[in-house]
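User: Could you walk me through this model? I'd like to start with the cysteines and then move on to a helix.

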Amino acid sequence: MNKNIISICLIGFILLFAGSVEGVEAGEILELEQTAPQATESPAYWPTEGWQSSTPEQQGMDSEQLAEALDFLQEQDDFNIHSLLIIRNGYIVTDAYFEPFTQGSVHDTASVTKSFTATLVGIAIDEGYIENVQQPVLDFFPDRTVANVDANKEAMTVEDLLTMRSGFECINQPTEVTLFQMMESPDWIQFTLDLPMAEEPGTHFVYCSSNVHLLSTIIRETTGMSALAFAQEHLFEPLGISDVGWPSDPEGNNHGWGDLRMNPHDMAKLGYLYLNEGWWDGRQVLSPAWVTAATSVPEDASFVDYGYLWWLLPEYPNVYYADGRGGQRIFVLPDQDMVVVTTGGGGRDQYGVLEALLTSYILPAAESETPLPANPEGVALLEFKIQQVVLAQAEPEPVPPLPEMAWRVSGQRYVLDANQLGLQSLSLTFQEEEEEGLLNITSIDGNQVEYLVGLDNVFRISPGRFGLPVAAKGWWESENVYVIHFDEIGNINQWRINATFEGDQVTIQMQDLTGLGSVTLVGQLESAQPPTPAFETIFAIAGISVIVWLLRRRK
């Protein structure tokens, strides 16, 4: 990828450029025989070509409690759920998609990507590309001159990266500042390797996404393949995963920490691989020892909620999960022979809502390890609820008379002051007796994109970043304030945009409803002031909005 590509989008609107663990000694993974795990009964089928479905009762679950779970999610104001997938004993018992997200669509998995990267590291060790988790990180970059080298940096290992105990000086609060700085730099790997050491590696947990980008690069350095190409051959192809997207840095290293896109059914396959101790349809894709190591607390860890890029639940010792910003989750529950996948668009209390979903609805619904009596009424109720959330679109409302300001600004081009988003201008268009408007955005490199905006309280769908749809609706909040609710759906982010018009000026306040933060832009009517000269801002960030990385939270 050209390092000078300007890849920027308006508040996430558009892609403008189209160590050892207890019981597992270091190195043991390489010596394992590639045989099926003996402790786990082989499934009746493998979902390589697709998941099979069952009634909940056939898998020992109560349909009526699962229907209540859907009611609970639909009533939430604190979390914008996109999908819920529950698999027990290898069979789908609930598969629900909340409008406007649709079945079969791919979704940004955010930091769930980290658990995929950890899996690829495990496979690379199994295959002999990497010696073991105790191998020093600097050994993989012999041709680089690294700054700030000391005894601590020389001692940093692959395991330290996997457990977020690298010792790097990494700022992640209130946002992932170090990650954003890395993505501004011309060489992301050099930037990360050059980071000063704050402490001895392996001692303290500090969430640092740059660690995981190093792991992606280590996969490339040792295998000669990008992490995506390696995954396609060694993980995705065996599991039957094909519809994926994974951005890369300017040197072609896939984002190890995030941005992997796939559909929920394929996300569940990673959980099912771990549930079956790395065995898949006659093949040991991942060693059982790695599954144990990745989902256990390292012996000397002071932080007990994390394994190898998998999160752990100390209050539920045999439950672990992949976790991504906005409500992306893969829960693995070995005692229940269950995998639960959620996708979402964030909210004020996504963690509380998902914890309640799991502990108050899904786990209690698993009443038996053997089939329950048939419950056709309960199954019918669950199916009704699933269809209800699919069709839960707002009813069209009469479009209220537009204020005089709407007609004054309609079709007018507002030139924006120089801004870090690389946006040059925007315009709004309204027409008499029309139930939708138009938003037009132009970037400093001349790219232009248009979005339909529903004025009747119904979202309009337009193409967005990575080819995924976005939904937008708008209304005049007052005589001079126009509000747009912009939902990126599978790209997670939701935005409330307030455009305040005063004289020849527009002030645009943009707030991300998933908790990323806000930004303000100012523009002038084109006829009132010459356009601001375009300026060049280089952010090689593979189509992810600068504001996302500037304001992004831990996951």
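Analyst: What follows takes up the disulfide and then one helix. This is a predicted model, in which local features need pLDDT of at least 70 and side-chain atom pairs count only at pLDDT 80 or more, while totals for chains, interfaces and linings use all residues. Residues are numbered from 1 along each chain as its sequence is written, and side-chain values use heavy atoms, with hydrogens and water left out.

User: OK, how many disulfides does the count come to?

Analyst: The count comes to one disulfide, the term being a pair of cysteine sulfur atoms within 2.5 Å. Cys170 is joined to Cys208, with an S to S distance of 2.2 Å.

User: And where do Cys170 and Cys208 sit in the chain?

Analyst: The pair links distant parts of the chain, 38 residues apart: Cys170 is in the loop between helix 4 (158–162) and helix 5 (177–184), and Cys208 is in the loop between helix 6 (188–193) and helix 7 (209–223). Helices here are DSSP runs (H or I, at least four residues), numbered from the N terminus.

User: Are Cys170 and Cys208 buried or exposed?

Analyst: Both Cys170 and Cys208 are buried, meaning under 20% relative accessible area with a 1.4 Å probe, protein chains only.

User: Switching to helix 7, how many of its residues are buried?

Analyst: Twelve of the 15 residues of helix 7 are buried, so that the helix is mostly covered; among them are Val212, Leu214, Leu215, Ile218 and Ile219.

User: What do the buried residues of helix 7 pack against?

Analyst: They pack against helix 2 (112–126), helix 4, helix 5, helix 6 and helix 8 (227–239).

User: What comes after helix 7?

Analyst: Helix 7 is followed by Gly224, whose phi is positive, near 75°.

Key. Helix = DSSP H or I, 4+ residues; strand = E, 2+ residues; numbered from the N terminus. Buried < 20%, exposed > 50% of the residue type's maximum accessible area, 1.4 Å probe, protein only. Contact = heavy atoms within 4.5 Å.
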